[in-house]
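Colleague: I should like to request a close look at a single part of this model. Would you please describe the side of one chain that meets its partner, and set that description in its context?

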Amino acid sequence: MASTRSSRDDILAALRRNAPEASAAPGLDGLGVVFADPFAELARSMVAVGGAYVRVADIAAAHAAVAALPQAGSAKKIASLVPGVGQPTIDLTAIDDPHALADLDLAVLPGELAVAENAAVWVDGKSLPHRAVFVITDHLVLVVHARDVVSHMHQAYERLAGRSRGHGLFISGPSKTADIEQVLVVGAQGARTCALVIVG
Amino acid sequence: MASGHPEAAARFVANDDRAHWHDQAVWWIRQKRDTASAAVTDWEALRGVAAGIKRHVLSRLADYLEEFERNATAHGVQIHWARDAAEHNAIVHKLLTDRGVTKLVKSKSMLTEECKLNPYLEARGIEVIDTDLGERIVQLAGEPPSHIVMPAIHRRKEEIGELFQIHLRTKPGASDPKYLTEAARHHLRDKFLEAGAGLTGVNFAVAETGGIVVCTNEGNADMGTSLPPLHIACMGVEKIIPRERDLGVFLRLLARSATGQPVTAYSTHYHGPRPGAEMHVVIVDNGRADILGREAIRSALSCIRCGACMNTCPVYRRSGGHSYGYTVPGPIGSVLAPARDPASHASLPFASTLCGSCADVCPVRIDLHHQLLALRQEMAHNKLVPWQKRTVLRLTAWVMAWSGLYRFAGWLTRRLWPVLPRRLLYVRWNVWGRQRELPVMPRDSFGAKYRRLRRLRRGARG
């Protein structure tokens, strides 16, 4: 690795040599739009990104709401990581190889927070036995507690600041593409549908 | 200069229907961007902060890269450094061959396009599958992307249907985007499942946490990194940002500027490999440090690759991405390409009206039109501009510098123009007159009209 070591030093030296004069990093205070009714905004955003939105009172009602989804009715292979929601047919922790999830029909996953401005739901990798689950499944249901709804992304990162860092992501609606003549097609490589269930 | 932008653009506009269709298709995306950005009340504040963060980063790139390296290594990521494209390609190739990988799934990475990684690996027996739908389309067509966000925006759906009929065995004559996308989904699923490694670009690398963030709408980066046991992420040195909370700023700007969406469907934060898997990050300079040293254009390194500047550019929309002859087309590409190789891309700084619309929509406020002007001056100074253009410009400068000469030239033109025969006026080197009628000459100069008006006014008052 002798050559790459010197590449590293060369690159860093050139970047230092050519660096412009110091310029302070700006603060982020005051950024973000706070919504009077973040739930209404979240619902609007979720529909705009091609997903579905439902708010229910408790876990039992969440279970009923998921059961009522058309994509749940036809699902054969189901995984759920939200106790009490969905009727799992497989146990994700018992699967060694994520390739075995290729025919997964429905996954019900917990979201740590939901962002009203863009329907982004934070899913922490630590809650997933396999990273592939959220993207390889045909249909995705995300369950988020009402107290974990924030208005904007700056609030979201404030909430995420204290976590221990591993794999994690924001999911905003189903997988989509507009690469053929800018026609929006939902269901590209990942989930074909995405439903957000807010509990509480 | 025979293969410059004007010649390639002429080939593109020769098909009038397609040129207008392309213009409209791209303009539509610009309008979606306008709607999305107008809905965000703190949009301008957001742009200002984003530009400020990038300015700060450029002054401390080396420090932040070292901090990133330390933190990423602590997460079990292996860091590699590449001075140029050749070194980058060799590193990726060695990572693959050391592990016996023969099939690589790639999500969109403009850097690997810049480094020409695909042909390098293919020549060495590795199958490379681009998994972004647009990238897959242009890969099957054997051509480079024509846009950094929508690689196949220059292709009609009927053409894509024909391509898929050959390669994916879709129905003859099929052109429904939904049907074609579904066919690509099945085709790519198989590729994901059999791949030995996944390669992604990097949208943002966070110094503070050692994490990288990859944004896609299709989910192809997530598929490509969650199944194979090896993840290689390739990034230019300028992708670094200081703090994780800065992502709040950039993720709010990126997708809105790119496609008018509030955020991409997947914004994945990687901090290390999956259990039992490997993750490598290749940090590439390839000319970026040189750009950093050039004051007039260094802020081009702030670019977050949203494509808004090309969507708004009247020249890009009417000439198509391929006319630029570089991985990144449009205004930002017209800065980056000649910055790297002025002789090969001398015409690009002139592929602009300098209207400044690119700078107006840029989420990180890069002063693109000023940079293009600076590069034009550099090109002229280094004699990389055709002699005809240089002669005309020198002549113009001379006439403008002498007011008597300027007035005489104007007087002569006003008198000669109307009486000269068409075939003398519309000669081969009258480029303006090729598609347009020359303006009708006024009888008097502006100066004469102005003086007459002043005399009249004075007369009216007196």
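Modeller: The account below begins with one chain, proceeds to the contact with its partner, and ends with the domains of that partner. Please keep in mind throughout that this is a predicted model.

Let us begin with chain A itself. Its secondary structure consists of six helices and eleven strands. The C-alpha atoms of chain A occupy a box of roughly 65 × 45 × 40 Å, taken along the principal axes. Of the 200 residues in chain A, 50% are buried. Contacts within chain A can also be sorted by separation in sequence: among those between residues at least 6 apart, 74% join residues at least 24 apart.

We may now turn to the part you asked about. In the contact between the chains, 62 residues of chain A meet 77 residues of chain B. Several elements of chain A give two or more residues to this side: helix 1 (2–17), helix 5 (133–136), helix 6 (153–160), strand 8 (168–171) and strand 9 (176–177). Helix 1 of chain A gives the most, with nine residues. Sorted by class, the residues on the side of chain A that touches chain B comprise 32 nonpolar, 20 polar and ten charged.

Strand 8 of chain A deserves particular attention. This strand is one of the elements that give two or more residues to the side touching chain B, and it pairs with strand 9 (residues 266–270) of chain B. The pairing is antiparallel and runs over four bridges. For a single residue to locate in the structure, take Phe170(A), whose bridge partner in strand 9 of chain B is Ser267(B).

The partner chain may be described in turn. The domain assignment divides chain B into domain 1 (1–39 + 306–385), domain 2 (48–286) and domain 3 (387–461). Taken over C-alpha atoms, the centres of domain 1 and domain 2 of chain B are separated by 23 Å. The contact between these two domains takes 23 residues from domain 1 of chain B and 21 residues from domain 2 of chain B. On the side of domain 1 of chain B that touches domain 2, the elements giving two or more residues are helix 2 (16–38) and helix 14 (308–312) of chain B. Helix 2 of chain B supplies the largest share of that side, nine residues. By class, this side of domain 1 of chain B holds twelve nonpolar, eight polar and three charged residues.

Terms used
Residues numbered from 1 in each chain as written. Chains lettered and ligands numbered in written order. Predicted model: local features only at pLDDT ≥ 70, side-chain atom pairs only at ≥ 80, totals over all residues. Buried ≥ 20, exposed ≤ 12 C-beta atoms within 10 Å, placed from the backbone. Contact = placed C-beta atoms within 7 Å. Nonpolar A, V, L, I, M, F, W, Y, C, P; charged D, E, K, R; others polar. Pairing = 2+ DSSP bridges. Domains from an automatic or database assignment.
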